[in-house]
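Me: I'd like to learn how to read contacts between parts of a protein. Can we go through one together?

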Amino acid sequence: MNLSDDFAFTQGSLGDYADCARRFELRFIKRVRYPALEVQDALGFETRTRQGARFHKMVQQHLLGVPAEALAASLADDEELARWWANYLARGLTDLPTQRLSEITLQTHLAGRRLVAKYDLLALAPGGRAVIVDWKTGARVPSQSSLRGRMQTIVYRYVLAQAGAHLYAGERIPPERIRMDYVYVAAGGERVSFAYSAAQMREDEALLAEMIAAIDRAETFPLTDDARRCRFCSYRSLCDRGGAGRLEDFDFDEYEYEDEEIFALDFDQIAEIEF
Amino acid sequence: MIELSKGQTEILELPLDRRIWLEGMAGGGKTTVAVRRVLHLLASGVPAESILIFVPQRSLAQPYIRALRGLTSHRGGQVSIHTIGSLSLQMVETFWFLIAGQAGFKHPQDLPNFLSLELVQYFMTRAIEPLVDKRDYFSSVRIDRPRLYSQIVDNMNKAALVGFPISEIGSRLKSALASGVEQAHIFDDAQTCAMAFRQYCLKHNLLDFSLQLEVFRAHVWAAPAARRYLRGRYRHLIVDGLEEDNPASQEFLKDLLESCQSALILYDRDAGFRRFLGADPDSARRLRERCEVKATLEDSFVMGPEVSALGAALAGQLGVTVSVESEADPRRALITVAHRYHPEMVDWVAEQAAFLARERGVPPNEIVILAPFLSDALRFGLVDGLERRGIPWRTHRPSRALRDEPAARTLLTLARLAHPQWGLPPTDFDVVLALMAAIDGLDLVRAKLLTEMLYREDRLLQFAEVHSTAMQERITFDLGERYDRLANWLNRYIDGGRADAIDIFFRRIFGGLLSRAGFGFHDDIDAGNISMNLVDSAREFRWALDFMSRYDAQIDLGLDYVKMVDRGVIANSYLRDWIADVEESVLIAPAYTFLLNNRPVDYQFWLNIGSEGWSRRLYQPLTHPHVLSRGWPPGAVWSEDDEQAMNRLTLGRLLLALTRRCRKAVYLGYSELSESGYEPRGLLLETIQGLLRRLAREEQHV
């Protein structure tokens, strides 16, 4: 057993394992924080990731009742983000069921482990469709086949089918009612959709269960043989795998936007109180 | 899973549409019931997203987090866990564009900037230092500036937590405490500074904790969209430790309770030991009337009868009455040996802890060693004593600040070398330490030689500049080659006219050089973690200042950052989050830190029982926890009698809280001469002596 009993798998951690077992070990078992740069143009990268995070936050604010105009007024100094926002307003919510839940996390269990998915948006009509929406801010729209094989596509649909009943009038959501949409707001709001089926769910379950079991069984976590996977990995100096990659080559499409870490400042942290 | 008592089971099984008030003494099993109630709600089909667990401090949420993470069979959403700090931050951020204008921010169309503690100190310095210098404020107060500013922050936080305008801080303090003109001036100065800082924050979209809370209370919670969201989402409320929470939290919870389908509110009797942090157990009781079911759990599952008697007897000596008493002899729960000198006492404590662990088979995590303050010297003595005896330990007060860690110091020194335009060259001593840490295998002597020969005019010269071959051989060419790589890296950076943001500089030199094979941070996980902490601190600083530069003149961020580190304002926080606790280990901690973890143990050691720190407040001339509390009557004067009475009450509550988290016995660490060589005469010592004399007298009369 390599992981703590309460470890929760996500598409990100499974994706890391698929890319490089060593990275998975450093990040999730040894919990090493390593501050090397992901790309050479660090400020450019930061600007881009912060734009992405802010876009996700804005959508959440909008769906919770903050008027679109108020949010748009805050974008005077960021043309690119304003363009994404306009695309979102024009096409982002088209043809979606009206019960909409943003930034919601669901969990199920598989192979004795928790499996967690954090959704940008779930749009549901109990008894009807259940649509997963994931906002993408990358400029290039990947091919359907590459998106289909992504861990995110596999995990998100599976977890919703397994754990979404309470959002669907208490009924387990039939896989056939589930659809996953990637919406490319930097590419005019283009949408790439994936349907789901019971057969696909069984296939996904077998794949995920095998991956989880393999990680639990693993005695070693070897470094990937494919050095290209190390270009944007912050552990590469630890593994002697070259320098930082170029910003132009970075695939923001696979970047996971987490909320910037919110420090929950509590009064008891005030330094003057020394006990 | 623990088997519940009949009383606990009855509460657990109450219908899911009841609001329940559950009170009793600490150790009565309230949290156990609440954890099970959460699981019961989930098992009954209640959506996890609709459950809010609310605690006064994150550490109190641990039992819930453990239970929820252990639920490998749960399918569904996630339960929310919040303090008033985390909830208000999230809500202000989400609904910012609805309320920023009415809350008085000058740039409501721009994003808010939430300040960490160190950034509050930084901006406080920027906002009020010119005023303090110009008008000679606080000239009669003999404490350093960071502590002085932190008390102004403390006043503002108290105002927000208790619910009075910050404009009343000065008048409240003056009417209760100002015995002369000089003292009145100090409170006036504190008031002026608080107002100046608030104006500065409003002008620059900055939110310290007090403003964040005020904006949440006055504007977000009043906004229909925000209320709709919170009331619609959280239908089931679990509150743990309400008596330790502040009036702001209690008011919010009272309001939220109205729309909740179910609630379970836990209230510890005879507690409220976080009063100095704004806890208000009296105001907390107002929520009781809002609950349909009032339940109690009276019996302790923790204390043995002797420990129970000890807690009651000590509290009684201090005039604190308790709801439950025991007939047992409290002396049977006390173990003490008097020592002449402090180090002897420390060694005795380590010996006794080791005896319990080794000879009696007590798990080390069932032993805690507590003191009112944990000085570096005391901590070192205890750690050394335990380590010599092979007993694992952990502490919640690591001895070093981030800026003092070798990896962080190295990065800061290299930053100074790389930025000669700052005019802050490092000292020779710092360069020696940086070279040692940066180059794998370089010892002190060689690092000193390299510095003496090659650190010239604020730059590192090439190894070839060491003219004597004998000296080069002494240093070794291998080390010389790696030294050159470092010097070249820095000189290329300088000559390239490059000026990275400070955090990016740290990351670039970390990834490009220091973590490479042959250098000091390679394969060093601790150095990586510490460097990451420094990067986080510097990045947060840059983001806040970048944001400010939209409104103010440009600032040299790197230079300002390093200056603030030097002054102890930035990177001065203790490293807490990433230091892994060894589970099976003796905890060494300040007494209040232990209490706030709310985990009972078999044995407690109370050290330095002669110290006045057990009962007396810190010297804080600019603030006052009681005068700025909700219960303080307007216009009343704080007297020496009040101070004495408060010290007794504080100590009485503390001792009750400690004994209620102790199963078997308390060891007292006493030495005739204190750590600093004086004969101690603190209230705890006096109380214990008084109790033992009284019990001896009573025994004679029997």
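Me: How many salt bridges are there between domain 1 of chain B and domain 2 of chain B?
Reply: The idea is to look for a Lys or Arg side-chain nitrogen within 4 Å of an Asp or Glu carboxyl oxygen. In this predicted model, the count between domain 1 of chain B and domain 2 of chain B is 0.

Me: And how many residue pairs are in polar contact there, between domain 1 of chain B and domain 2 of chain B?
Reply: Here you get 3 such pairs, with both residues at pLDDT 80 or more. On the domain 1 side, α4 (84–94) and α12 (247–257) of chain B each bring at least two residues to the surface touching domain 2 of chain B. α4(B) gives the most, with 3 residues. Sort that side of domain 1 by class and you find 5 nonpolar, 4 polar and no charged residues.

Me: What area is buried between domain 1 of chain B and domain 2 of chain B?
Reply: About 620 Å², with carbon and sulfur atoms giving 64% of it. As for residues, 9 from domain 1 of chain B are in contact with 7 from domain 2 of chain B. The centres of these two domains, taken over C-alpha atoms, are 33 Å apart.

Me: Where do those domains sit along chain B?
Reply: Domain 1 comes in two stretches, 6–90 and 223–297, while domain 2 covers 108–212. Chain B also has domain 3 (305–398 + 581–701) and domain 4 (402–566).

Me: Now the other chain. How many salt bridges does the rule find across the interface of chain B and chain A?
Reply: Use the same kind of search, but across chains. It turns up 5 salt bridges. One pair to look at is A:R33 with B:D536, where the closest N and O atoms are 2.5 Å apart. For polar contacts, the interface of chain B and chain A has 19 residue pairs, both residues at pLDDT 80 or more.

Me: Which element gives the most to the side of chain B that touches chain A?
Reply: That's α23(B), with 11 residues. Sorted by class, this side of chain B has 32 nonpolar, 26 polar and 19 charged residues.

Me: What area is buried between chain B and chain A?
Reply: About 6,200 Å², and carbon and sulfur atoms account for 58% of that. Within the area chain B buries against chain A, B:R75, B:F97 and B:R507 supply 11%, more than any other three residues. In contact terms, 77 residues of chain B meet 61 residues of chain A.

Key:
Residues are numbered from 1 along each chain as its sequence is written. Chains are lettered from A and ligands numbered from 1 in the order in which they are written. This is a predicted model: local features need pLDDT of at least 70, side-chain atom pairs count only at pLDDT 80 or more; totals for chains, interfaces and linings use all residues. Side-chain values use heavy atoms; hydrogens and water are left out. Domain bounds come from an automatic or database domain assignment. Contact means heavy atoms within 4.5 Å. Buried area is the accessible area (1.4 Å probe) that two parts lose on being put together, summed over both. A polar contact is a pair of N or O atoms within 3.5 Å; within protein, one must be able to donate a hydrogen and the other to accept it, and residues adjacent in sequence count only if both atoms are side-chain atoms. Helices (H or I, at least four residues) and strands (E, at least two) are DSSP runs, numbered from the N terminus. Ala, Val, Leu, Ile, Met, Phe, Trp, Tyr, Cys and Pro count as nonpolar, Asp, Glu, Lys and Arg as charged, and the others, Gly among them, as polar.
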